[in-house]
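This briefing concerns the enclosed empty space inside one protein model. Please consult the sequence and structure shown here.

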Amino acid sequence: MRYGDFNAGVGTFCDIDSTEDTKELIRCIVSNADMGARQFARDVLLVFAAALIFYMQAGFAMLCAGCVRKKNVQNTMLKNLLDACGASIAYFFVGFAFSFGGMDRDSAEKTFIGKSNFFMKDVEDPAFWLFHYAFSAASATIVAGTLAERCQMVAYLCYSIVLTGWVYPIIVHAIWNAQGILSAFSVDPLWGVGMVDFAGSGVVHLTGGVTALFATSVLGPRRGRFHDEAGRRLAFPVEIPGHSAALQMLGTFILWFGWYGFNSGSALLIGNEYTGKLAALAAVNSTLAAGVAGVTALFANLWYLERTTGEAVFQLKYAMNGTLAGLVAVTGGCGVVEPWAAVVTGFVAGLLYLYGSRWLVKLRLDDAVDAIPVHMLNGIWGLIAVGLFASPRRLDMCFGHSVHPGWFYSIRRGEPGDISLLCVQLVGILFIIGWVFVFMLPFFIWLDWRGWFRADPLEELVGLDTSYHGGLALLVQHESIDPEYITAFKEQRRQSGLRRRNGMNRNTTSETIDELDENAEEEHDDDV
């Protein structure tokens with residue numbers, strides 16, 4: 001007699017002779033039932049983790065909305081929603097296929113890109129697809145806050161689809177696909193260890209952060225941030241505070257909450273007897289790094305202000321973004337480092353964010369939500385931290401090998417020259433930055449050349465809510481909007497409408513527009 005679970009596609013066949021004891025049959029049935037239950041639990045938990053990651057979109061939306069002025073709130077929140085929508089389309093058509101199409105964990109072949117599973121064809125693990133879709137959407141949303149208050153809608157949709165449909169999937173394939181050139185899951189990993197990025201410090205956050213850096217470099221700063229109305233450079237940059245600290249704080253807490261799905265959920269993909277322990281370790285390390293980084297950034301900034309201005313001020317911004325910086329940094333190693341290393345990682349992340357935020361201002365780069373120091377710089381640090389602190393015991397639990405641990409453990413072993421893991425991590429950092437540079441920087445330059453990237457100066461002055469979303473500022477009195485700008489904006493829209501109706505180009509003179517307007521009024525009077 002042969003027993004097996006055909007329907008679930010899991011379990012094993014058991015050969016039972018009629019003369020065998022009944023206990024053997026029961027043992028076989030229980031074994032298959034247990035494997036089926038594990039598969040069911042894994043799928044349900046993976047969907048739940050994906051839902052937590054998706055809920056981070058609400059956190060990004062609240063954070064971005066709180067960091068901008070009232071006249072741009074609708075526009076900022078719509079862009080966050082479109083990230084989720086655009087990523088779902090791009091990942092369905094090509095993103096997942098490029099990332100994981102045709103993956104064979106038992107093959108030693110190296111590939112650059114996936115070549116199957118387009119349109120989710122033959123995808124047998126929809127929970128896995130959903131989980132990684134949520135990751136891709138998070139990577140695109142990182143850029144949203146950086147470009148807030150001055151980016152056109154067309155440009156935003158274009159780069160979001162390109163990032164999630166092409167640039168991001170290639171990075172995923174290289175690092176998380178078993179056939180990837182840098183993958184630690186490979187049968188033959190690079191230099192015997194492969195790149196370790198447990199939950200995406202590099203794949204998600206460094207990718208999004210570098211994209212944000214290139215985007216804001218091409219787009220330019222918000223009006224009045226570094227130059228006056230005449231274009232003269234200001235001696236001291238002007239702070240443009242957001243309209244709601246409460247929304248920023250709400251967004252921070254939502255992101256922290258969703259991060260447990262981000263980091264602990266990644267442990268579910270390991271799929272061995274240590275999955276539960278790794279998930280718990282990832283959650284603990286995330287908590288420690290976030291807490292330490294937030295406190296470090298807050299008090300380091302307090303000390304800096306006291307030394308430079310003589311006034312000690314507790315600035316909420318640095319506590320919130322410091323916390324997020326710690327979460328970004330620990331994401332790469334949350335399942336392979338011990339808790340003490342997570343504390344060290346968080347401490348450095350808080351200081352690194354503080355330095356990076358001021359470094360951006362010195363470079364005259366405008367980042368409305370400080371996404372670049374939070375995600376790019378700490379994405380880099382998170383990968384380096386893995387190369388320094390990855391524990392042999394945790395590496396063995398995750399990947400089944402620990403020949404090349406973090407450098408500090410190599411020193412303890414008496415092998416200070418074993419920096420294989422650290423070197424692979426550095427190669428991975430260069431690969432991510434280089435890949436994004438090759439595609440996204442020229443793409444942003446092309447958008448700018450076409451005139452599709454930066455919003456019109458008058459649209460920026462009256463606010464993107466007025467420009468794109470039905471004229472909120474025309475209905476609600478905003479203290480930040482000069483009525484003269486509203487009048488000029490109305491006139492500009494009127495002339496643009498007449499140009500479109502009469503097939504004219506941008507160079508048509510205002511006198512011609514006025515003549516058309518008068519003729520239209522005369523025709524209307526004659527009809528009456």
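The points below describe the internal cavities and the residues that line them.

The model is a predicted one. Across the whole structure, a search finds three cavities of 30 Å³ or more. The largest has a volume of about 230 Å³, and the second largest has a volume of about 90 Å³.

**Largest cavity**

- The lining of the largest cavity is made up of 18 residues.
- Nearest the centre of this cavity lie Trp-176, Phe-185, Phe-198, Ser-266 and Leu-269.
- Two elements, α3 (126-146) and α4 (153-176), each give two or more residues to the lining of the largest cavity.
- Of the elements, α3 gives the most to this lining, with four residues.
- By residue class, the lining of the largest cavity comprises 14 nonpolar, two polar and two charged residues.

**Second largest cavity**

- The second largest cavity is lined by 13 residues.
- Phe-60, Leu-63, Val-369, Ala-371 and His-375 are the lining residues that lie nearest the centre of the second largest cavity.
- Elements giving two or more residues to the lining of the second largest cavity are α1 (22-67), α3, α8 (316-331) and α10 (371-389).
- The lining of the second largest cavity divides into eight nonpolar residues, four polar and one charged.

**Element shared by the two linings**

- Helix α3 gives two or more residues to the lining of the largest cavity, and α3 also gives two or more to that of the second largest cavity.

Technical notes. Residues numbered from 1 in each chain as written. Predicted model: local features only at pLDDT ≥ 70, side-chain atom pairs only at ≥ 80, totals over all residues. Heavy atoms only, no water. 1 Å grid on protein atoms, 1.4 Å probe; cavity = no way out; pocket = protein on both sides within 12 Å on 5 of 7 lines; lining within 4 Å. Points joined across faces, edges and corners; volume = space filled by probe spheres on them. Nonpolar A, V, L, I, M, F, W, Y, C, P; charged D, E, K, R; others polar.
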